[in-house]
Amino acid sequence: MDIQLSQTQIDLRDEVRAFIDARLPAELRKKMRLGHVPDRQEVVDWQRTLNEKGWAAPHWPKQYGGADLGIVERILVQEELYRAPAPQPLSMNVSMLGPVLLHFGTEALKQRWLPKLANLDVWFCQGFSEPGSGSDLASLRTAAVRDGDHYVVNGQKIWTTTAHWADWIFCLVRTSKESRKQDGISMLLIDLRSPGVVIRPIRSIDGHHHFNEVFFEDVRVPADNLIGEEGRGWDCTRFLLTHERALVAKIGFCYERLSRVREILDERGLRGSARVRIEDELNLLRAETRAMEMIQWRMVGLDPNDARAGDLASVLKIKGTEIQQRIAALLYRVEGTRAMTHKALADAPEAPTVGSYYHYVRAVTIYGGTNEIQRELLNRGMF
Ligand SMILES: Cc1cc2nc3c(=O)[nH]c(=O)nc-3n(C[C@H](O)[C@H](O)[C@H](O)COP(=O)(O)OP(=O)(O)OC[C@H]3O[C@@H](n4cnc5c(N)ncnc54)[C@H](O)[C@@H]3O)c2cc1C
């Protein structure tokens with residue numbers, strides 16, 4: 001299945017492309033083309049620029065900071081950003097917490113948070129995983145005990161991406177012990193400046209600081225910061241993870257990285273049979289990315305609670321992340337010995353970063369639910 005865009009959708013795509021060309025700082029575009037990660041301020045500034053048009057969260061209602069557009073338009077904006085390449089709106093804000101608030105939040109919570117999430121006035125991180133509770137997330141132990149109009153939180157999260165840049169965390173906590181471990185879990189919003197919160201960095205294999213450990217010791221959280229009903233946080237979690245998984249395939253990013261491979265081949269003047277072999281691989285990866293793109297369009301219009309949406313999200317997660325790893329390996333090969341210098345050159349704007357990216361991309365088959373778990377989920381759907 002493919003999608004036939006309407007004239008209005010084609011016009012929107014052209015408008016987004018022209019806007020990016022006019023407003024994306026050239027330095028930032030170049031930095032991303034070379035594979036560098038944008039810094040916090042660059043992400044904030046760019047998201048606010050997009051939000052002037054309601055394109056940070058295009059599919060949200062206007063009253064909450066969106067543009068009242070549909071899911072197709074949302075994907076068109078996302079793909080144009082990848083193509084540029086430009087930073088995506090912060091996924092924790094607009095692709096994880098935002099949809100959960102729209103679906104499960106009270107009117108007060110929606111009004112309080114959604115416009116701020118879209119404009120990146122507040123940076124959220126995701127507090128799900130704990131030591132010993134990753135794939136088996138429902139076994140989490142961070143506890144929240146009700147005390148008057150507050151919860152008192154004790155426990156630890158791990159692998160918390162950008163906690164060191166974040167203002168707040170959306171956090172899964174255990175509010176009661178039930179016979180089924182999925183029950184008794186709740187989702188709380190916690191201000192990271194609260195007394196009793198400690199954030200410690202974890203340095204990853206690419207040499208950068210992406211993740212953290214987050215510790216909570218007697219942290220007092222207003223009970224109003226609960227999303228949905230107490231003890232029903234698992235419903236929010238399943239909903240959120242389906243959203244997260246579907247985005248992990250990064251179709252437009254794969255196309256952009258494949259075009260970068262060809263650019264490097266040209267820069268290096270590679271010709272003859274060596275080039276033909278790489279062009280063959282490029283074409284195969286492009287065809288596989290195109291297949292993922294068609295699956296992404298198939299998901300359009302399916303309710304996230306529909307079992308088929310979950311299955312397609314798992315397929316996108318497995319194949320999309322494997323493709324990203326193969327593209328990273330190809331980039332590494334075509335870059336040649338320059339790829340091996342990343343540690344010495346990582347902070348220089350002109351330095352190739354394919355070496356560090358090659359190492360980082362080991363992570364994509366792990367986050368958002370490991371690929372082994374996705375296979376288990378698909379297997380269950382088959383019989
Ligand atoms: C780059 C990155 C960013 C992340 N960011 C965040 C974040 O912001 N917030 C957050 O909360 N978490 C984050 N995570 C954590 C991520 O969600 C977990 O790493 C993931 O859920 C796996 O959990 P684990 O690391 O505890 O591994 P484990 O669950 O211990 O798994 C170890 C291995 O065993 C396999 N395995 C486990 N159970 C089964 C099974 N039943 N069947 C078959 N194989 C199985 C797994 O596939 C894996 O290969 C991030 C992880 C990465 C890599």
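Helix α13 (residues 371–382) gives three residues to the shell around the ligand, the largest share. Helices here are DSSP runs of H or I with at least four residues, strands are runs of E with at least two, and both are numbered from the N terminus. This is a predicted model: local features need pLDDT of at least 70, side-chain atom pairs count only at pLDDT 80 or more, and totals for chains, interfaces and linings use all residues. Residues are numbered from 1 along each chain as its sequence is written, and side-chain values use heavy atoms, without hydrogens and water.

**Ligand shell**
- The ligand has 17 residues around it (a heavy atom within 4 Å).
- Ser129, Ser135, Thr161, Thr370 and Glu372 come nearest.
- By class, the shell has eight nonpolar, seven polar and two charged residues.
- Domain 2 (124–231) and domain 3 (248–382) both contribute to the shell, so the ligand lies between them.
- The domain bounds come from an automatic or database assignment.

**Atom distances to the ligand**
- A polar side-chain atom of threonine 161 lies 2.7 Å from a ligand nitrogen atom.
- Threonine 370 has a polar side-chain atom 2.7 Å from an oxygen atom of the ligand.
- For glutamate 372, a polar side-chain atom also lies 2.7 Å from a ligand oxygen atom.
- The protein covers 66% of the 970 Å² of accessible area that the ligand has on its own (Shrake-Rupley method, 1.4 Å probe).

**Whole chain**
- The protein chain has 13 helices and eight strands.
- Its C-alpha atoms fill a box of roughly 75 × 50 × 50 Å along the principal axes.
- Buried residues (under 20% relative accessible area, 1.4 Å probe, protein chains only) make up 51% of the 383 residues.

Methods: A polar contact is a pair of N or O atoms within 3.5 Å; within protein, one must be able to donate a hydrogen and the other to accept it, and residues adjacent in sequence count only if both atoms are side-chain atoms. Ala, Val, Leu, Ile, Met, Phe, Trp, Tyr, Cys and Pro count as nonpolar, Asp, Glu, Lys and Arg as charged, and the others, Gly among them, as polar. Buried means under 20% relative accessible area, exposed over 50%, partly exposed in between (1.4 Å probe, protein chains only).
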